[in-house]
Structure formats: structure tokens, C-alpha cells
Amino acid sequence: MKVTFERVIPDEKSSFRTIHNNSPISEFKWEYHYHPEIELVCVISGSGTRHVGYHKSNYTNGDLILIGSNIPHSGFGLNSIDPHEEIVLQFKQEILQFPEQEVEARSIKDLLELSKYGIKFHRRIKKTMIPKLRLMLESEGYKRYLILLEILFELSQSKDYELLNNEIMPYTIISKNKTRLENIFTYVEHNYDKEIDIDDVAKLANLTLPAFCNFFKKATQITFTEFVNRYRINKACLLMAQDKSISECSYSCGFNNVTYFNRMFKKYTEKTPSEFIKNFSHNKVNVDFVEKETKIKTSF
């Protein structure tokens, strides 16, 4: 898995960029990347994995996420299945300049400050944003900018959200250790369905085992073992969404013991595999991994 710096070029005759992804997911590269621009991602339809900063979890039936400047994240088509449709806005904070006396704009500034943690909005908010985002795709010139302001203002008034991270991930952690992290991520990506020896991964990173454990915990805020388990449970969720059996998902994702798989699944999703399948079949499930710390909840 690549870790890249993305150069964002604004649309022609515009100060920001809009993207409408509505093609088969096989045509896109969903790499782990970062950029100075703030990003609003609205997955209109589709299920997949959200990876923002230290946070990693699955989503189903769409998503609405605001990601702050230089926060490493993956494309939301990661681990997705067709059909997948999303609208993405990418803009620099500098294009949002307001007079100090503009009281109404303070909530937008607070919103952008909180976006450094990654903000996940409730499904109800997503539904209200979709018509505005579609209108933006059809608009030109200054009207697009006004729609952007309207979207940000409405989001800043919402209380139906949660922060994805408990602390801000400095992008320098990724940029300074890019090659080493790429090698580790790629190794897990290619070997999650087999037994993974942490000593082999430490050697791959050219570190002693204690140094590797310290490095990985500092870079990701979780242990390597927890990272592998979360990755495997992510994959298992997506296989279940494709009507695979519990035992098939367990063995396909590197768990050689179904009982242990059930325990890990419950730990990271707060649901048993059976509950997940039942809820998914009724379109009620929205899987978020349980963070060890209490999630930050702040009002704008």
C-alpha cells in the first residue's frame, strides 16, 4: 500500500476542486495519502473502509466525513464493492477569509479546527447535503463558492457528529517514515490471510523487535498485533457483506480458530458475527471499531 503526497489542482476558473466518482472501483487507486487541502467526502452509496489518521473502521450505506489539512487518509473506495458513488470537495482554508466581526463565520472556523481530528456526520446530515453537492457539480463560477459556504455553515451548526480521532496525527510521522510504513502496510495487505510473524516484519523494517514495536506504536497509536487484528476484521466484515459464512470469513482472514475470531470481532465491532450478518441484511448496520479511549465530543 502506497503512502503518497497528493497534489490537488483546483478546477478551471475555481478556487477549489470537486470530484464525482461514479465508475467501477477497479478503475481507482485508493492509496493512503495526505494533502494541505481540507476534504469533504460524501459517499452517496457504497460500503467500504474509512481510514483517517489513526482511525480505521468500516462503513455501510454511504458516509459523510470532513478531513482536516494534511491528515493522512485512504480513499473511501478502499475495500469497497460496486456500486460506489461519491462526491469529494477539496479546498484550502485560505479561500475562506472572513472579517473578524463576522460572527456567523466563527462556527465555520471552529468546524475546520475540529476537522483535524476527522469528523463523521450522522446519516441524516448526509442526506441533506447530497442535493447541495449535486447542485455544485452542475454550477459554475461564484455560485459554486456560495454553495461551498452554505454547506460548511450548515455542517458547523450540526450537533450530530463524532470525532474519529482522539488526537491529531502529524503528517510528518507519515512523510518521514514513508518507505518503512509502506513496506509494513504492504506486507500485511499481502499476508493477512496467513500467520504473520512479528519478527519477520521487524526485519523487513530493518529494526530490532523492541525498536519496531516502539516505532509502530508511536506512528499508529496501536500495537502491531492490534493493527493486524483490525485489518483482518475489516476484511471479514466485507466478506460477510458478500454473504460469506462466519467460518469461511474467519479462515479467509487469517484466524485459525473460529472462537478467537468471534471474540476479536465482538471486541472491535461491539457485535457478534451473527448479529452483524443479521443487521446488515436489514440495512441497519454501521460498523465502527471501538476505540480504547473515550471519543472526543465537542459542540461547535
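Counting ring pairs gives 15 aromatic pairs in this structure, which is a predicted model. I shall begin with two of these pairs, and then turn to the nonpolar cores and to the packing of the helices.

A pair of aromatic rings is described by the distance of the centres and the angle of the planes. The pair of Tyr-59 and Phe-76 is tilted, with 6.1 Å from centre to centre and 40 degrees between the planes. These two residues link distant parts of the chain. Tyr-59 belongs to strand β6, residues 55-59, whereas Phe-76 sits in the loop between β8 (73-74) and β9 (85-91), and the two are 17 residues apart. Are these partners buried or exposed? Tyr-59 has a relative accessibility of 1% and therefore counts as buried. Phe-76, with a relative accessible area of 2%, is buried too.

The second pair, Tyr-142 with Tyr-145, is also tilted, at 5.6 Å centre to centre and 35 degrees between the planes. Both residues lie in helix α3, residues 142-157, and because they are three residues apart, about one helical turn separates them. Their surroundings may be set side by side: Tyr-142 is exposed, with a relative accessible area of 58%, whereas Tyr-145 is buried, at 16%.

Ring pairs also build a cluster, which joins Tyr-32, Phe-185, Tyr-192, Phe-212, Phe-216, Phe-224, Phe-227 and Tyr-231.

I now come to the nonpolar cores. Which residues have the most contacts inside the largest core? They are Ile-184, Phe-212, Phe-224, Ile-233 and Phe-261, in a core of 36 residues. Two or more residues each come from β3 (32-34), α4 (171-176), α5 (178-191), α6 (198-204), α7 (209-220), α8 (224-240) and α10 (258-269). The greatest share is that of α8, which gives eight residues. Apart from this core lies another, of 31 residues, and its members include Leu-96, Ile-130, Tyr-145 and Leu-148. Tyr-145, the buried partner in the tilted pair of α3, thus appears again here.

Phe-212 merits a closer look. Beyond its neighbours within four places in sequence, Phe-212 is in contact with Ile-184, Ile-198, Val-201, Ala-202, Ala-205, Leu-207 and Phe-224.

Let us proceed to the helix pairs. Helices α5 and α7 pack at an angle of about 95 degrees, and their axes are 12 Å apart. At that angle, α5 is therefore roughly perpendicular to α7. On the side of α5, the contact is made by Arg-180, Leu-181, Ile-184 and Phe-185; on the side of α7, by Phe-212, Phe-215, Phe-216 and Ala-219. Sorted by class, these are seven nonpolar residues, no polar ones and one charged.

How do α1 and α3 cross, and at what angle? The axes of α1, residues 106-114, and α3 come within 8 Å and cross at roughly 80 degrees, so α1 is roughly perpendicular to α3. From α1, Ser-107, Ile-108 and Leu-111 meet Leu-149, Leu-152, Phe-153, Leu-155, Ser-156 and Gln-157 of α3. In this contact there are six nonpolar and three polar residues, and no charged ones.

I close with Thr-269, a residue of helix α10. Thr-269 counts as buried because its relative accessibility is 2%, and the cut-off for buried is under 20%. Between the C-alpha atoms of Thr-269 and Glu-12, which are 257 residues apart along the chain, the separation is 43 Å.

How values were computed. Residues numbered from 1 in each chain as written. Predicted model: local features only at pLDDT ≥ 70, side-chain atom pairs only at ≥ 80, totals over all residues. Heavy atoms only, no water. Core = buried A, V, L, I, M, F, W, Y, C linked by side-chain atoms within 4.5 Å. Buried < 20%, exposed > 50% of the residue type's maximum accessible area, 1.4 Å probe, protein only. Helix = DSSP H or I, 4+ residues; strand = E, 2+ residues; numbered from the N terminus. Contact = heavy atoms within 4.5 Å. Axes fitted to C-alpha atoms, helices over the stretch in contact; angles between N-to-C directions. Parallel < 35°, antiparallel > 145°, perpendicular 65-115°, else oblique. Nonpolar A, V, L, I, M, F, W, Y, C, P; charged D, E, K, R; others polar. Phe/Tyr/Trp six-rings, centres within 6.5 Å; stacked < 30°, edge-to-face > 60°.
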